[in-house]
Amino acid sequence: MAVIGGSATLFAQDGAKPANVGEGTLMLKGKNYPLKNAAAYETSVDGEEGIAVVLSGPTISGEKLNEARKSEKKGESSDFRRPYVKLEFTKAGEFKGWGAGAGDISLGRHTSDATGELKLEGGRVIGKASQPNETEGMFPSGLDVRFDVPLLRAGESLPPSKKPGPAADVKPSVTGVFKGNGKDARLVYVSAHWREPFGDKPSIVLVFTEKDHSKDKKPDFNAGFGKFGSALIVSLHEEGDIFGCEVAHTALKHQNFSSIGKIMTNDFEYADGQVKGELTTDGQADVFGETWEVNVKFVAPLGEIPKEFKPAPSKDSEENATDNPAAAEPTAELSEKAAPKPSKDQLNVKNLALTKDAADVEYKQLVEQLSFKSKTNVKSVCAELAANLKTQGWTKQGSDLITPASSILKRKREMRRSQSL
């Protein structure tokens, strides 16, 4: 995991105010991430009533916003579709700090040399935040954004942003780049399908192939085994959050593997009987000493979710996610990435045995993935990690794959309920 920052293109607004205005550019190590959507809501900041403003590249759906508020109410950190910047203010408009995310990179809440201002006017929050570009350190960063958006009050909720219905009469299409070790494979066909829920949420699988798979009854399964040439199979939620990615490229020695570290969606949308957007790794991704990358735009028809793929109602489905946040637990700082509380027979993620120098530890609840940084080489990290896990009751399952560039350790921990790593 790395750190992120931003610099921005500013905007001016005259005349009647639109419903939602936000603009800026997030920068990390010389790369700019444009931000064009914004939302604001009441929340808890350091245990007190506050206001959060989110600026994002993708559309901020009502579902995602309500989900974030619900997480914060529980004392957990919130996350949004990336790239995004989250600003935090007190009710009086005092700037408390900002955090951000883009791809597999995260920035915990901090202030540094950042400044910000916010005022409440006619049910809207208007303001800005900036930080001069930092040139020192491992991850140069900066920030300069502005916003003018309606404020979602505590007790208010947003309606669903999608209108389910029959599949649209649109021709599937995909254009762009899909490379393995620098060699291009031309993805020509794309289809979208509902799949079993993941994380108690409706889920979609996108299948991209070189050869026509439209008549196959299990295209996601068969494409992974090379039946349709090079292929990319991506599993994601309706909002565009990716939780699974299977890469099958004929130019790779490992012709079929899972890789979700860098791939992300841009401008993803499911509405009016179709899905569309962009998939990108934002450059090359390294896996087992090889490289792959994708940057494609696509559109495919997708109708209403079938009954068999609808998630079962959760126990807290009737809870009001918009209760007064002032009475909730304090919001966790983004840098701490709070993990869910385990049941009595489970091990809390924060107690997992890591290396002595483990830094920037982050737990992604959506995909149940924990990551950290170490200054030690890969083989040494794996040796220390394996020893530490053993003392904690984790046992080896099968063979480990350890190379100087990357490694896979397979471990399992037996308790009243099995846990795998």
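Which residue forms a salt bridge with R153? In this predicted model, in which residues are numbered from 1 along each chain as its sequence is written, local features need pLDDT of at least 70, side-chain atom pairs count only at pLDDT 80 or more, and totals for chains, interfaces and linings use all residues. Side-chain values use heavy atoms, with hydrogens and water left out. The partner of R153 is E42, and the closest N and O atoms of the two lie 3.0 Å apart. A salt bridge is here a side-chain nitrogen of Lys or Arg within 4 Å of a carboxyl oxygen of Asp or Glu. R153 lies in the loop between β10 (141–152) and β11 (173–180) and E42 lies in strand β3 (residues 37–45), so the salt bridge ties together parts that are 111 residues apart in sequence. R153 counts as partly exposed because its relative accessibility is 32%, while E42 is buried, with a relative accessible area of 11%. Buried means under 20% relative accessible area, exposed over 50%, and partly exposed in between (1.4 Å probe, protein chains only).

The secondary structure of the chain consists of 3 helices and 28 strands. Helices (H or I, at least four residues) and strands (E, at least two) are DSSP runs, numbered from the N terminus. Of the 421 residues in the chain, 47% are buried. The chain exposes about 21,000 Å², and carbon and sulfur atoms supply 49% of this area; accessible areas come from the Shrake-Rupley method with a 1.4 Å probe, and for residues only the protein chains shown count as cover. Among contacts with a separation of 6 or more, 57% are accounted for by residues 24 or more positions apart, where contact means heavy atoms within 4.5 Å.

In the whole structure, 17 salt bridges are found. One of them joins D216 and K227, with the closest N and O atoms 3.0 Å apart. This pair links distant parts of the chain, with D216 in the loop between β14 (201–209) and α2 (219–223), K227 in the loop between α2 and β15 (231–237), and their positions 11 residues apart in sequence. D216 is buried at 15% relative accessibility, whereas K227 is exposed at 51%. Another salt bridge brings together the side chains of R82 and D79, at 3.7 Å from N to O. Here R82 is the buried partner, at 10% relative accessibility, and D79 is partly exposed, with a relative accessible area of 34%. Salt bridges also link K64, E67, K201, E239 and D241 in a network.

A polar contact is a pair of N or O atoms within 3.5 Å; within protein, one must be able to donate a hydrogen and the other to accept it, and residues adjacent in sequence count only if both atoms are side-chain atoms. Such a contact joins the side chains of K86 and S78, at 3.0 Å. K86 is located in strand β5 (residues 84–90) and is buried, with a relative accessible area of 2%.

The structure also holds 9 aromatic pairs. F89 and F95 form a tilted pair, 5.3 Å centre to centre and with 50° between the planes. Rings of Phe, Tyr and Trp (its six-membered ring) pair if their centres lie within 6.5 Å; planes under 30 degrees apart count as stacked, over 60 as edge-to-face and the rest as tilted. F89 is buried, with a relative accessible area of 0%, and F95 is buried at 13%. Together with F147, F89 and F95 form one aromatic cluster.
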